[in-house]
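Please open the model in your viewer and set the side chains so that they can be switched on residue by residue. The stops below are meant to be followed in order, with a selection to make at each one.

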Amino acid sequence: DRMGSGTGPFEFVEFIPGDHITLKRNENYWGTKASLDGIEVKIIGDAQAATANLEAGAADLVAVSLQDFVRLQEDTRYKTLKMVGGAGIVNVWLNMKREPFDNKLVRQAINHAIDRERFVRTILMEQSTPLWQPQADYHWAHFTELENKYPFDLEKAKALLTEAGHGDGFEAAINAIADNAVNIGLAEILQSDLAKIGVTTTIDAKDSPRWAEASDRGEFDMNMHSYGRNNADPT
């Protein structure tokens, strides 16, 4: 619907594809009237260009990359805000339909080989927290007893592999998104640590559409994945 619809605090004015969306205050809004006369949403396809617009004074509010978020925190001209309750979860999928990931001991070994603390400290620039379950501590579905369930422990991981009959290790491919620094960063950390316990991995980096296709079809051994809106109630 290019005309726009709804009963919100702003009315649709126009949409110029690839350029901007213009909204104006809805004077007939049922609730408290908006304090702004209007909003112009500029369509900028590149995150660096969006940040450049902010710093040039051409934009008032932008979503920035993690690196720019940390950098702009030190500049008193800007106020940096994090999404309440977190923005997303980064996780690793193991394909249980493929050997040796059909073995619970192997999956446990991989869990012990994920250096969550290092990942948060380096790739996520200390802007997140390590997790051992799908929901963080602000969510009602978080289980405190599962915290640090699988501490980083390569010796424990190696022992579990030996118990599973894979003491000499094995080979596996990691499905990852080529242009996603967080996605690739975790894959590289995991690859490095798995090599220490005899597991040789290759990072199969694809563009987003090809990665998604392989992810949806289960065409992977290991899969770097992330999902957002994890602060929402699943119902």
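What follows is a tour of a predicted model, moving from aromatic pairs to a nonpolar core and then to a loop glutamine.

**Stop one: Trp93 and Phe220.** The model holds three aromatic pairs, and two of them are visited here. Select Trp93 and Phe220 to begin with: their ring centres lie 6.0 Å apart and their planes meet at 45 degrees, so the pair is tilted, falling neither under 30 degrees nor over 60. Colouring by position along the chain helps here, since this pair links distant parts of the chain, with Trp93 in strand S4 (residues 88–94) and Phe220 in the loop between helix H7 (208–217) and strand S7 (222–228), 127 residues apart. With a surface switched on, Trp93 is partly exposed at a relative accessible area of 30%, whereas Phe220, at 8% relative accessibility, counts as buried because the cut-off for that label is under 20%.

**Stop two: Phe101 and Phe170.** Next select Phe101 and Phe170, whose ring centres are 5.7 Å apart and whose planes stand at 85 degrees, so this pair is edge-to-face. Here too distant parts of the chain are linked: Phe101 sits in the loop between S4 and helix H3 (104–112), while Phe170 sits in the loop between helix H5 (154–163) and strand S5 (171–177), 69 residues away. Both Phe101 and Phe170 are buried.

**Stop three: the nonpolar core.** Now select Leu194, Ile197 and Met222, which are the residues with the most contacts inside the largest nonpolar core, a set of 28 residues. To see where this core comes from, display H3, helix H4 (116–121), H5, S5, helix H6 (181–195) and S7, each of which supplies at least two of its residues; H6 gives the most, with six. Then centre the view on Ile197 and, setting aside its neighbours within four places in sequence, show the residues in contact with Ile197, namely Ala113, Leu154, Ala157, Lys158 and Leu161.

**Stop four: Gln133.** Finally, move to the loop between H4 and H5, where Gln133 is found. Is this residue, Gln133, buried or exposed? At 9% relative accessibility, Gln133 counts as buried. Follow its side chain to the backbone oxygen of Phe143, which the side chain of Gln133 reaches at 2.8 Å. Beyond its neighbours within four places in sequence, Gln133 is in contact with Ala141, His142, Phe143, Leu146 and Glu147, so that selecting these residues together completes the view of this stop.

Technical notes. Residues numbered from 1 in each chain as written. Predicted model: local features only at pLDDT ≥ 70, side-chain atom pairs only at ≥ 80, totals over all residues. Heavy atoms only, no water. Phe/Tyr/Trp six-rings, centres within 6.5 Å; stacked < 30°, edge-to-face > 60°. Helix = DSSP H or I, 4+ residues; strand = E, 2+ residues; numbered from the N terminus. Buried < 20%, exposed > 50% of the residue type's maximum accessible area, 1.4 Å probe, protein only. Core = buried A, V, L, I, M, F, W, Y, C linked by side-chain atoms within 4.5 Å. Contact = heavy atoms within 4.5 Å. Polar contact = N/O pair within 3.5 Å; in protein donor to acceptor, adjacent residues only side chain to side chain.
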